[in-house]
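User: Please take a close look at a single buried polar residue in this model and at what surrounds it. I would like one connected account rather than a list.

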Amino acid sequence: MPEFENETIFPCSCEGLFQFFTRPENISDVSDPDLGLKFVDAPEVLHSGADLKFQLVSFGQVHTMKHQVSEFDSPNLVIETQLDGPMKSWKHSHIYTAHDGGCKKTDRIEFDPPGGMIGFFLTEAKIVDQLEDGMYARDQKLNELIERGVIK
């Protein structure tokens, strides 16, 4: 199963970063605008067992997905697992660990690309490229919010 990992150190507390990401509206705000991420049904604040239904745009197609928070350990870990979506499987671990002067956020994504016709377009390499671009855009926005004092 393919795996993607992104590690970034932010000059803020793990508690502050974790709390920021427990609110789906904040996730939308820092996501790459090209993804068009929109939560259709989600709780105001994430918790263990929470279901997240959202849409995003990929290769000109709108995809609707449903994930569930399968593990929630504040302020260290959130794991979301795909219940419904175009991928054969998707597991996204958000890991927060204290680091000199801040917090290291690790995003680890294990996935199986889709099969069928969509699999011809949504290959492992293209998925990884989109993840790299998306994480870069997100990290830039997070650093701006930290500099402005929104995330402490």
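**D107 and its surroundings**

Analyst: The side chain of D107 is in polar contact with the side chain of H94, at 3.3 Å. A second polar contact, at 2.8 Å, joins the side chain of D107 to that of R138. The model is predicted, and the distances are computed from it.

D107 belongs to strand β7. Its relative accessibility is 0%, so D107 counts as buried, the cut-off being under 20%. Leaving out residues up to four places away in sequence, D107 touches F4, E5, N6, H92, S93, H94, M135 and R138.

Two of these neighbours, M135 and R138, lead to helix α4, where both are among the buried residues. The helix covers residues 124-147, which makes 24 residues. From its first C-alpha to its last, α4 reaches 34 Å, close to the 34 Å expected at 1.5 Å a residue. Other buried residues of α4 include I127, V128, L131, L142 and I146, and the buried set also holds D139. An α-helix has 3.6 residues a turn, so residues three or four places apart point the same way. The cover over the buried residues of α4 includes β1 (3-10), α1 (14-21), α2 (24-30), β6 (89-99) and β7 (102-112). After α4 comes G149, with a positive phi near 85 degrees.

Strand β7, at 102-112, and helix α1, at 14-21, are both part of that cover, and a contact of another kind involves K105 and F21. The charged end of K105 sits over the ring of F21, 4.8 Å from the ring centre. F21 is buried, as is F20. The structure holds 5 aromatic pairs. In the pair of F20 and F21 the ring centres are 5.5 Å apart and the planes stand at 90 degrees, so this pair is edge-to-face. F18, F72 and Y96 form one aromatic cluster.

A further buried polar residue can be set beside D107. Q82 is found in strand β5, residues 77-84, and is buried with a relative accessible area of 13%. A polar atom of the side chain of Q82 lies 2.7 Å from the backbone oxygen of M87, whereas the polar contacts described for D107 run to the side chains of H94 and R138. Not counting residues up to four places away in sequence, Q82 touches K66, H67, M87, K88, S89 and W90.

Terms used
Residues are numbered from 1 along each chain as its sequence is written. This is a predicted model: local features need pLDDT of at least 70, side-chain atom pairs count only at pLDDT 80 or more; totals for chains, interfaces and linings use all residues. Side-chain values use heavy atoms; hydrogens and water are left out. Rings of Phe, Tyr and Trp (its six-membered ring) pair if their centres lie within 6.5 Å; planes under 30 degrees apart count as stacked, over 60 as edge-to-face and the rest as tilted. Buried means under 20% relative accessible area, exposed over 50%, partly exposed in between (1.4 Å probe, protein chains only). A charge sits over a ring if NZ of Lys or CZ of Arg is within 6 Å of the ring centre and within 35 degrees of the ring normal. Helices (H or I, at least four residues) and strands (E, at least two) are DSSP runs, numbered from the N terminus. The expected span of a helix is 1.5 Å times one less than its number of residues. Contact means heavy atoms within 4.5 Å. A polar contact is a pair of N or O atoms within 3.5 Å; within protein, one must be able to donate a hydrogen and the other to accept it, and residues adjacent in sequence count only if both atoms are side-chain atoms.
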